[in-house]
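I wanted to look up how some helices pack against each other here. These are my notes as I went along.

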Amino acid sequence: MKVAFVHDYLNQYGGAERVLEELHALFPSAPVYTSMYWPEKMSPTIRGLDVRTSFMQRLPLVTRNHQPFLLLYPLAFESFDLSGYDVVISNSSAFSKGVLTPPGTLHICYCLTPMRWVWNYHAYVERERLGTAARLVLPAVISQLRSWDVASAQNVDRFLAISRTVAARIRKYYRRDATVIYPPVNCDAFQLPPARVEDYYLIVSRLIPYKRIDLAVDAFTRLGMRLKIVGSGGRDLPALRARASRNVEFVGRVSDAELKRLYAGCRALVFPGEEDFGIAPLEANASGRPVIAYAGGGVLDTVIDGRTGVLFERQEVECLIAAVRRAEATAWDADGLRAHARQFDRQVFREQLRQFVGESVAAHAAGARFA
């Protein structure tokens, strides 16, 4: 069985790229098709893959600033010739599901989310610092991309979603059903010997607007408790530093070993944004530590209020402060937290995905029509 992967872009390393690594572990000979590739930003695992880029790779500065090229992505992914493959698996939060496959090829989309800035445009614009020209031009571009997104979704044979929230979006925007298979967590990497809990709270995140790091900075500035923020740069860093008190520490990028130590020693992980899934809360649980999270998006699938963490209902400073105080008053069972994270381990992901692909291939070969 000849398999190919399709990935939106390989110019930054994050959760989508970790998913790609796990997908590739199941089909190690499969090539990866993508719009553009910046090897220096990738893990050694991804640098060892057979990566094939589109014409966009030749555009000046595209890997460093890919947003201005929005209208070229559909053309880039439609230009790939995938006729030689039995199965194509797109790992998509944007454009890669738009590849064209012949009738004999099964296309499975592992959907990280329908395009966030297309379907939640007004919230996106509200939090992004866009110039006047961009605000005038973008609505027409977004409308065009929204139409393309719906049309290209009909060429996918089967959808997988990373959470119930994402499955609901797929149903609403694309009118398609999706099976939920949660992203993989490498629990073994965080199963450290019991550590002494220290007096700091932890954030692990990119410093960009929708992550709502500002909410945590304001809350902990008022609380006077120590907060360590792990994240490399990000356009929000200067503004966040300006509003933070001395008890808020911007750690920057850390090694994997240091990150594991920080997880194991924190009082709790703070997760104030709304994510499609969110790997960090489960990494914290795998380290035996609870989570304080906004009750929206993927954490509703992963955080059990009062057992594996504390949920707060509104993205307001007072609500987060109340959640921190609840967490302080709760006795957490480290072994129970680790056992909970095991339900999302990468071995579970591999087994579920292998079974799903096998069933889908058999059904496709038998002429089944997928809803």
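What follows are my entries on two helix pairs in this predicted model.

**Entry one: H1 and H15**

I started with helix H1, residues 15–26, and helix H15, residues 346–365. Their axes come within 10 Å and cross at roughly 55°. I count angles from 35 up to 65 degrees as oblique, so H1 and H15 go down as oblique to each other. I also checked the hand, and the crossing of H1 and H15 is right-handed.

Next I pulled the contact residues. On the H1 side I have Glu22, Leu23, Ala25 and Leu26. They meet Arg346, Phe349, Arg350, Leu353 and Arg354 in H15. Sorted by class, that contact has five nonpolar and four charged residues, with no polar ones.

**Entry two: H8 and H13**

Then I turned to helix H8, residues 213–223, and helix H13, residues 317–328. What angle do H8 and H13 pack at? I get about 60°, with the axes 9 Å apart. H8 and H13 are therefore oblique to each other too. For the hand, I noted that H8 passes H13 in a right-handed crossing.

From H8, the contact uses Leu215, Ala216, Asp218, Ala219, Phe220, Arg222 and Leu223. H13 brings Val317, Glu318, Leu320, Ile321, Val324 and Arg325. How many of the residues in the contact of H8 with H13 are nonpolar, polar and charged? My tally reads nine nonpolar, no polar and four charged.

Conventions:
Residues are numbered from 1 along each chain as its sequence is written. This is a predicted model: local features need pLDDT of at least 70, side-chain atom pairs count only at pLDDT 80 or more; totals for chains, interfaces and linings use all residues. Side-chain values use heavy atoms; hydrogens and water are left out. Axes are lines fitted to C-alpha atoms, for helices over the stretch in contact, and angles run from 0 to 180 degrees between N-to-C directions. Helices (H or I, at least four residues) and strands (E, at least two) are DSSP runs, numbered from the N terminus. Angles under 35 degrees count as roughly parallel, over 145 as roughly antiparallel, 65 to 115 as roughly perpendicular and the rest as oblique. A crossing is left-handed if the near helix is turned anticlockwise from the far one by less than a right angle, and right-handed if clockwise. Contact means heavy atoms within 4.5 Å. Ala, Val, Leu, Ile, Met, Phe, Trp, Tyr, Cys and Pro count as nonpolar, Asp, Glu, Lys and Arg as charged, and the others, Gly among them, as polar.
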